[in-house]
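The following exercises concern a single protein model. Each task is followed by a solution that proceeds step by step.

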Amino acid sequence: MKKFVDWFESNYDEKMPSGTINGSWFAKRGLPMIVECCCCCSTMSLPSAYIDEDGYIYCSTCAGDGQ
């Protein structure tokens with residue numbers, strides 16, 4: 001399982017922007033701004049999500065990050 005930023009940078013040929021990210025950045029890449037954890041159904045911004053090897057999205061708690 002990877003943090004979204006690590007997943008993004010290994011799957012796209014660019015760096016993830018830091019700080020506040022404009023909604024058009026997500027739209028230009030076909031990415032949602034808000035996602036839902038497949039385990040507990042909580043919603044979060046995509047940059048704070050975790051993605052497993054099958055493409056499932058998790059919050060930090062369900063991913064076992066301890067935050």
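**Exercise 1. Determine whether cysteine 39 is buried or exposed, and establish how many disulfides the structure holds.**

Step 1. Cysteine 39 has a relative accessibility of 52% and therefore counts as exposed; buried means under 20% relative accessible area, exposed over 50%, and partly exposed in between, with a 1.4 Å probe and protein chains only.

Step 2. The model is a predicted one, in which local features need pLDDT of at least 70 and side-chain atom pairs count only at pLDDT 80 or more, whereas totals for chains, interfaces and linings use all residues. Residues are numbered from 1 along each chain as its sequence is written, and side-chain values use heavy atoms, with hydrogens and water left out.

Step 3. A disulfide is a pair of cysteine sulfur atoms within 2.5 Å. The closest cysteine sulfur to that of cysteine 39 belongs to cysteine 62, and because the separation is 4.1 Å, it is too far for a bond.

Step 4. Cysteine 59 is likewise in no disulfide, with the sulfur of cysteine 62 as its nearest cysteine sulfur at 3.7 Å. Cysteine 59 counts as buried, at 9% relative accessibility.

Result. The structure holds zero disulfides.

**Exercise 2. Identify the aromatic pairs in which phenylalanine 8 takes part, and state which parts of the chain the pair with tryptophan 25 ties together.**

Step 1. A pair of aromatic rings is described by the distance of the centres and the angle of the planes. Rings of Phe, Tyr and Trp (its six-membered ring) pair if their centres lie within 6.5 Å; planes under 30 degrees apart count as stacked, over 60 as edge-to-face and the rest as tilted.

Step 2. Searching the whole structure yields six aromatic pairs. One of them joins phenylalanine 4 to phenylalanine 8, a tilted pair with 5.9 Å centre to centre and 35 degrees between the planes.

Step 3. Both of these phenylalanines, 4 and 8, lie in helix 1 (residues 4-11), four residues apart, about one turn of the helix. Helices (H or I, at least four residues) and strands (E, at least two) are DSSP runs, numbered from the N terminus.

Step 4. Phenylalanine 8 also forms a tilted pair with tryptophan 25, at 5.1 Å centre to centre and 55 degrees between the planes. Since phenylalanine 8 lies in helix 1 and tryptophan 25 in helix 2 (residues 23-29), this pair ties together parts that are 17 residues apart in sequence. Phenylalanine 8 and tryptophan 25 are both buried.

Result. Ring pairs link Phe4, Trp7, Phe8, Tyr12, Trp25 and Phe26 into a cluster.

**Exercise 3. Find the two salt bridges and describe the surroundings of arginine 29.**

Step 1. Side chains of opposite charge can pair when their charged atoms come close. The criterion for a salt bridge is a side-chain nitrogen of Lys or Arg within 4 Å of a carboxyl oxygen of Asp or Glu, and a search of the whole structure finds two.

Step 2. Lysine 15 pairs with glutamate 9, their closest N and O atoms being 3.8 Å apart. Lysine 15 is exposed, with a relative accessible area of 64%, while glutamate 9 is partly exposed at 29%.

Step 3. The other salt bridge joins glutamate 14 to arginine 29, with 2.9 Å between the closest N and O atoms. Glutamate 14 lies in the loop between helix 1 and helix 2 and arginine 29 in helix 2, so the pair ties together parts that are 15 residues apart in sequence. Glutamate 14 is partly exposed, at 31% relative accessible area.

Result. Besides this salt bridge with glutamate 14, arginine 29 has a polar atom of its side chain 2.8 Å from the backbone oxygen of tryptophan 25.

**Exercise 4. State the strand order of the open sheet and its edge strands.**

Step 1. Strands of a sheet pair through backbone hydrogen bonds, either parallel or antiparallel. Two strands pair if DSSP finds at least two bridges between them.

Step 2. The open sheet has three strands in the order 1-4-5, with antiparallel pairing. Its edge strands are strand 1 (2-3) and strand 5 (57-58), each of which pairs on one side only.

Result. Strand 4 (residues 50-51) is joined to strand 5 by two bridges, and tyrosine 50 has tyrosine 58 in strand 5 as its bridge partner.

Terms used:
A polar contact is a pair of N or O atoms within 3.5 Å; within protein, one must be able to donate a hydrogen and the other to accept it, and residues adjacent in sequence count only if both atoms are side-chain atoms.
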